[in-house]
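Subject: Handover of a structure and notes on its contents

Dear colleague,

Please find below the structure that I am handing over to you. My notes follow directly after it, and I would be grateful if you read them with the coordinates open.

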Amino acid sequence: MVHKLLRRSILIFISTNFCIAQSQIDLSYYLPENVTYNQAIPKPKEVIGHELGEWHISHDRLVNYMYAIAKTSERISIKEFGRTFETRPQLALTITSPENHANLENIKAQHIKLTDPALSGNLELENMPAVVYMGYSIHGNEPSGSNAALAVAYYLAAAQGKEIEALLDNVIILLDPSFNPDGLNRFAHFVNSRKSKNLISDPNSSELNEPWPRGRTNHYWFDMNRDWLPVQLPESRARIALFHEWKPNILTDHHEMGSNSTFFFQPGIPSRNNPLTPENNYRLTERMGEYHAKALDKIGSLYYSRESFDDFYFGKGSTYPDINGGVGILFEQASSRGHSRETVNGILRFPFTIRNHFTTSLSTLQAAHEMKNDFLEHQRTFYQEAIREANADNNKAYVFGSKDHYRNYHLAEIIHRHQIKVHRANKNMKVNGYDYEANELFVVPLNQPQYKLIKAIFEKNTTFQDSLFYDVSAWTLPLAFGVDHTVLKGKSYNPNIIGAKFSLEKRPEGSIIGGKSDYAYVFEYYDYYAPKLLYQLLKDDYKVKLANESFYHPDGKKFGRGSILVPVSIQQKDSETLFQKLRMLAKDNGITIYSFKTGLDYKGVSLGSPSFSNLRKPKTAMLVEGDMSGYDAGEVWHLFDQRYDIDLTLLPVEVFNEVDISRYNTLIMVSGNYTDITLSGKEKLKTWIKEGGTVVASKNAVKYLSGMGLFKYIFKPNPYLDSARTMPYADIAEHQGAQRIGGAIFETSIDLTNPLLYGYYRNKLPVFRNGNLFLSPSSKPFGNPITYTASPLMSGYISNQNLDNLKNTSGAGITTFGAGKVIGFTDNMNFRAFWYGTNKVFMNAVMFGNTISSYASR
């Protein structure tokens with residue numbers, strides 16, 4: 001019987017796909033049968049100029065339709081709630097009954113009370129609408145979601161009858177038609193510009209093979225579906241603000257997957273849920289799945305659930321709601337990539353993919369309506385239980401801090417954006433054995449409604465129910481920021497340590513201590529934005545020196561290695577211009593600059609010491625395109641362009657092969673295979689390094705350069721299969737998956753005297769790792785600036801085999817090649833823009849790499 005049903009489903013699936021090839025698709029293909037529609041509401045074609053699914057929707061046309069439909073429907077209001085890097089608007093349509101619209105602010109206020117345990121107990125749920133946030137295509141080249149949003153908006157605006165009226169009376173819908181406007185538009189332009197009148201389904205077609213970096217990402221090539229928790233991107237920050245404005249009960253996240261797949265809806269694999277997610281979340285998701293199954297059965301679409309994907313990392317759209325009292329739902333549709341594609345299931349056409357997302361959008365709303373009270377009660381209970389758990393927890397508050405005021409600020413900023421109360425400390429404290437002043441510390445009390453999310457941010461976990469992860473297994477934010485942190489327990493906790501509330505507007509302040517000098521200025525390199533200040537001086541042709549030994553100010557203050565010296569008399573600009581420049585830079589970057597009236601120092605070195613290195617302005621290019629990681633490249637681009645205002649040329653490998661590269665003195669190579677570099681390109685690179693160029697490479701780029709003979713590196717083998725025992729064939733995928741380091745945090749020992757580590761003052765540094773590149777330590781005495789410790793695992797999953805491989809290996813190495821340097825990192829120092837703690841290591845390679853002694857080579 002099962003085989004007959006499956007065969008029948010397959011026939012329906014295939015025949016449906018082939019059927020739509022026979023004739024022009026119109027809107028009726030997507031819409032439910034036996035529903036009448038308000039003729040005053042414009043259909044998509046009337047605004048965008050083509051049938052839905054005939055072309056890929058561009059973001060401007062999507063915006064035009066959403067405004068047009070909002071203008072004509074009393075069920076819809078629309079607002080722009082953010083802007084992308086490319087200044088495209090982020091839109092939210094609020095869709096509900098006219099009666100609810102008239103009372104919307106009161107409904108919102110009542111709904112928010114559900115998340116306040118002090119107020120939620122007396123709320124009546126029966127007449128309270130549920131809130132559903134429907135989001136589409138956070139990956140721009142998974143466009144069926146955003147195209148389906150057109151049909152969803154039309155249906156909700158135009159459908160008539162008691163069923164839709166009851167739905168809109170009981171549900172507030174926040175419709176976000178494009179989570180990723182820049183990526184969506186990039187992809188739509190690509191596929192539309194390669195579409196033939198006679199649709200070509202050949203997988204080799206140009207239309208179905210988009211070029212690097214592809215449309216999945218935003219402007220800076222970030223996967224925005226990993227940024228819900230770190231909130232480093234403007235699109236994410238705007239979206240999170242909207243999320244917390246409403247605290248939705250359900251959030252849908254519409255994606256695409258491999259073309260030979262079918263359709264997936266949650267729940268996923270139960271053993272891969274985060275333990276902080278309540279079990280009731282899974283039960284509600286499972287019940288919702290019955291609605292999706294029924295709807296997809298009705299149109300003959302194949303689907304599956306509970307067999308893949310997970311709900312572990314709270315930085316994804318379908319998981320973030322789970323730690324905020326809601327239920328996130330992931331939908332994955334087999335992708336047509338363009339307009340039509342051959343698959344193992346037949347010809348997969350774009351309209352079919354749109355219809356599946358439209359169908360499950362409606363089934364979500366049906367579930368939200370019919371299960372309304374269950375979702376509302378789940379939200380209320382989630383926060384009530386959070387406060388009960390917080391009161392019972394012996395841990396009372398987290399404290400974090402460092403000498404770097406801006407790293408402290410940016411971590412507090414992330415926490416604050418998630419509606420968590422963060423406070424300044426009211427007194428000096430010792431944290432992890434280091435004495436900090438109150439202005440260097442923040443306090444996060446645990447007794448607040450976001451208790452569970454606070455734990456998700458601060459906790460370190462190394463024990464897991466499952467060994468397979470769809471994404472990272474650790475994201476402990478204080479470790480990512482490289483700040484000292486501790487938990488205050490029971491009697492050691494005194495509420496009097498809590499000071500003023502954190503404010504986004506109160507940023508760290510910088511100034512010049514000692515006023516104008518005619519001799520020299522110095523600033524320490526602990527501060528996050530020190531590279532930015534340094535580059536601005538070098539860009540303006542100021543002569544700047546790097547301290548390689550300690551020295552003292554006449555008032556007794558010690559300045560360590562890495563401090564930056566700006567002499568006055570050797571500059572081409574007058575002392576007043578320099579003073580005004582430094583005063584502005586100090587203020588803008590939150591850095592304290594010290595005025596020196598003399599260079600004489602009897603305790604350390606004097607300011608004219610030959611131990612100071614003259615710094616050159618980095619003229620930096622980064623190889624892009626081809627077979628290197630777009631994510632890693634985007635993170636570097638964003639770091640240079642948005643954080644540090646440092647010029648960076650994005651140099652395509654194809655161009656690199658042909659042009660003179662002598663205009664650059666620094667070349668960045670992110671992880672990749674670099675097979676597109678020609679033989680002449682390799683020789684050019686070697687010559688350029690010999691003549692004084694610096695290469696900064698990471699991960700697989702290190703292996704590539706080692707193969708060229710530019711690195712004296714020995715990599716440890718990485719066996720995936722244990723030959724000592726026999727294993728079932730069926731366990732291959734699971735075993736290999738468990739041997740993958742999907743993303744965990746490890747402890748390293750660092751040499752604070754090496755210029756790569758200038759600006760750090762603790763000899764241990766947390767490092768993020770998501771690869772299996774193991775670098776044997778150098779036999780040279782000065783060749784291991786970063787070394788994984790003997791017990792390196794701090795948070796996350798790693799197999800015992802890989803852990804043994806990692807212990808005591810090197811995390812970085814330096815090779816001298818002629819007059820140049822090759823600096824390699826086994827890991828990504830800039831992961832997803834929120835690894836502030838290791839950004840400076842990478843930037844030191846760029847700013848100071850050429851000054852490193854050849855004796856530090858491997």
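R287 and D374 are joined by a salt bridge between their side chains, with 3.0 Å from N to O. R287 belongs to helix α11 (residues 279-299) and D374 to helix α13 (residues 372-392), so this pair ties together parts that are 87 residues apart in sequence. Both partners fall in the middle class of accessibility: R287 is partly exposed, with a relative accessible area of 37%, and D374 is partly exposed at 33%. Please bear in mind that this is a predicted model.

A second salt bridge joins R762 and D484, where the closest N and O atoms are 3.1 Å apart. This pair links distant parts of the chain, 278 residues apart: R762 sits in the loop between β29 (744-750) and β30 (764-769), while D484 is in strand β15 (residues 484-489). With a relative accessibility of 25%, R762 counts as partly exposed. D484, by contrast, is buried, because its relative accessible area of 10% is under the 20% limit for that class.

The third pair to mention is R226 with D223, whose closest N and O atoms lie 3.7 Å apart in a salt bridge. R226 has a relative accessible area of 8% and is therefore buried. D223 is buried as well, at 10% relative accessibility. In general, side chains of opposite charge can pair when their charged atoms come close.

These pairs belong to a total of 31 salt bridges in the structure. Some residues are joined in a wider arrangement: K79, E105, K108 and E245 form a network of salt bridges.

Charge also gathers on the surface. A patch of negative charge there is made up of E74, E99, E165 and D169. Of these residues, D169 is found in helix α8 (residues 162-170), and its relative accessibility of 39% makes it partly exposed.

I turn next to the backbone. Which peptide bonds are cis? One is the bond from W212 to P213, with omega near 5°. P213 is located in the loop between α9 (181-192) and α10 (234-246). Another cis peptide bond runs from Q266 to P267, and its omega is near 20°. P267 is in the loop between β6 (263-265) and α11, and α11 is the helix that carries R287.

Positive phi values in residues other than glycine also deserve a note. K699 has phi near 55° and is placed in the loop between β28 (694-698) and α22 (700-707). At 14% relative accessibility, K699 counts as buried. A833 has phi near 70°, again a positive value in a residue other than glycine. The loop between β33 (820-825) and α25 (836-848) holds A833, which is buried at 5% relative accessibility.

Two further buried residues may be of use when you inspect the contacts. K532 is part of helix α17 (residues 530-539). Is K532 buried or exposed? Its relative accessibility is 18%, so K532 counts as buried, the limit for that class being under 20%. Leaving aside residues up to four places away in sequence, K532 touches N589, R643, Y644 and D645.

L446 lies in the loop between β14 (441-445) and α15 (451-458), and its relative accessibility of 1% makes it buried. Apart from residues up to four places away in sequence, the residues that L446 touches are A390, N395, K396, A397, Y398, Y451, I454 and K455. Among these contacts, A390 falls within the residue range of helix α13 (residues 372-392), the helix in which D374 lies. L446 and R769 are 323 residues apart in sequence, and their C-alpha atoms are 29 Å apart in space.

With kind regards

Methods: Residues numbered from 1 in each chain as written. Predicted model: local features only at pLDDT ≥ 70, side-chain atom pairs only at ≥ 80, totals over all residues. Heavy atoms only, no water. Helix = DSSP H or I, 4+ residues; strand = E, 2+ residues; numbered from the N terminus. Buried < 20%, exposed > 50% of the residue type's maximum accessible area, 1.4 Å probe, protein only. Contact = heavy atoms within 4.5 Å. Patch = residues over 30% accessible without salt bridge, like charges linked within 9 Å, V, L, I, M, F, W, Y side chains within 5 Å. Areas by Shrake-Rupley, 256 points an atom, 1.4 Å probe, with all protein chains shown as cover. Salt bridge = Lys/Arg side-chain N within 4 Å of Asp/Glu carboxyl O. Lys, Arg positive; Asp, Glu negative; His and termini not counted. Charge placed at Lys NZ, Arg CZ, Asp CG, Glu CD.
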